[in-house]
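This report addresses the nonpolar cores, the sheet and the charged pairs of a single chain. The sequence and the coordinates are shown first.

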Amino acid sequence: MTKYIYVLVDPTDGKVRYVGQAKDCHSRMTGHLNSKDSCVSEWIANLRRMGQRPQMLVVDEVADSGAGALEQEWISMLWQRYPLLNRIAYPYYPWVASPVMLKWSRVQRQRKQPATANGAG
């Protein structure tokens, strides 16, 4: 079965914001539009408040078994040029990380730690 590699493009500035894979692009886009639990869904919600929605463009296609590797190749090609919102889990390219997700990781690490028993925090 064929899978498609797609990008979601921000209609306000023409920048690629997400790279994904899908067997059925229409269903996948519907899933993105209805999701509420990720950086991508927050971005889409902001677009929708402005009366817009992302544009989905198919950039490649591949047999199902090679989709993960090809998706990672596309991410690695685009992450330096565009502010990607992909969650980064790179079994193929562990050295690649999206600047947006790196910023998010720093925010997570900087959260205040719970106070210790002696009151130090």
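Which residues make up the largest nonpolar core? In this predicted model, that core has 12 residues, namely Ile5, Val7, Val9, Val16, Val19, Leu70, Trp74, Ile75, Leu78, Trp79, Tyr82 and Leu84. Strands S1 and S2 and helix H3 each supply at least two residues of the core. The largest share, four residues, comes from H3. In soluble globular proteins, nonpolar side chains tend to be buried together.

Valine 16 gives a view of the surroundings of one core member. Leaving aside neighbours within four places in sequence, valine 16 is in contact with Val7, Leu8, Val9, Leu78, Tyr82, Pro83 and Leu84. A second, separate core contains 11 residues, including Tyr6, Leu8, Ala22 and Trp43.

**The sheet**

The three strands form an open sheet in the order S2-S1-S3, and their pairing is antiparallel. Strand S2 (16-22) and strand S3 (55-63) each have a single partner strand and stand at the edges, so one side of each is left without a neighbour in the sheet. From one strand to the next, the twist averages 20 degrees. Strands of a sheet pair through backbone hydrogen bonds, either parallel or antiparallel.

Strand S1 (residues 2-9) and S2 run antiparallel and are joined by six bridges. Among the residue pairs, isoleucine 5 has glutamine 21 in S2 as its bridge partner, and tyrosine 6 stands opposite glycine 20 in S2. In a regular strand the side chains alternate between the two faces of the sheet. Isoleucine 5 is listed in the largest core, whereas Tyr6 is included in the second, separate core.

S1 and S2 form a hairpin with six residues between them. Glycine 14 in the turn has a positive phi of about 75 degrees. Is S2 largely enclosed or left open by the rest of the structure? Six of the seven residues of S2 are buried, so this strand is largely enclosed by the rest of the structure. The absence of a sheet neighbour on one side of S2 follows from its edge position with a single partner strand.

**Histidine 32**

Histidine 32 lies in helix H1 (residues 25-34). Its relative accessibility is 5%, so histidine 32 counts as buried, the cut-off being under 20%. Apart from neighbours within four places in sequence, histidine 32 is in contact with Tyr6, Leu8, Tyr18, Val40 and Ile44. Two of these contacts, Tyr6 and Leu8, are included in the second core.

**Salt bridges**

How many salt bridges does the structure hold? There are three salt bridges, listed below with the distances between nitrogen and oxygen atoms.

| Acidic residue | Basic residue | N to O distance |
|---|---|---|
| Aspartate 64 | Lysine 3 | 3.6 Å |
| Aspartate 10 | Arginine 17 | 3.8 Å |
| Aspartate 64 | Lysine 23 | 3.5 Å |

The bridge between aspartate 64 and lysine 3 links distant parts of the chain, with aspartate 64 in the loop between S3 and helix H3 (67-78), lysine 3 in strand S1, and their positions 61 residues apart in sequence. Aspartate 64 also forms a salt bridge with lysine 23. That pair likewise links distant parts of the chain, since lysine 23 lies in the loop between S2 and H1 and aspartate 64 in the loop between S3 and H3, 41 residues apart. Lys3, Lys23 and Asp64 are thus linked in a network of salt bridges.

The members of this network vary in burial. Lysine 3 has 16% relative accessibility and counts as buried. Aspartate 64 is partly exposed, with a relative accessible area of 30%, and lysine 23 is partly exposed at 44%. In the remaining bridge, aspartate 10 is buried with a relative accessible area of 5%, and arginine 17 is buried at 15%.

**Cysteines**

A disulfide is a covalent bond between the sulfur atoms of two cysteines. The count of disulfides in this structure comes to zero, with a pair of sulfur atoms counted within 2.5 Å. Is cysteine 25 buried or exposed? Cysteine 25 is buried, with a relative accessible area of 17%, whereas cysteine 39 is partly exposed at 26%.

Note on methods:
Residues are numbered from 1 along each chain as its sequence is written. This is a predicted model: local features need pLDDT of at least 70, side-chain atom pairs count only at pLDDT 80 or more; totals for chains, interfaces and linings use all residues. Side-chain values use heavy atoms; hydrogens and water are left out. Two strands pair if DSSP finds at least two bridges between them. Axes are lines fitted to C-alpha atoms, for helices over the stretch in contact, and angles run from 0 to 180 degrees between N-to-C directions. Buried means under 20% relative accessible area, exposed over 50%, partly exposed in between (1.4 Å probe, protein chains only). Contact means heavy atoms within 4.5 Å. A salt bridge is a side-chain nitrogen of Lys or Arg within 4 Å of a carboxyl oxygen of Asp or Glu. A nonpolar core is a set of buried Ala, Val, Leu, Ile, Met, Phe, Trp, Tyr and Cys residues joined through side-chain atoms within 4.5 Å.
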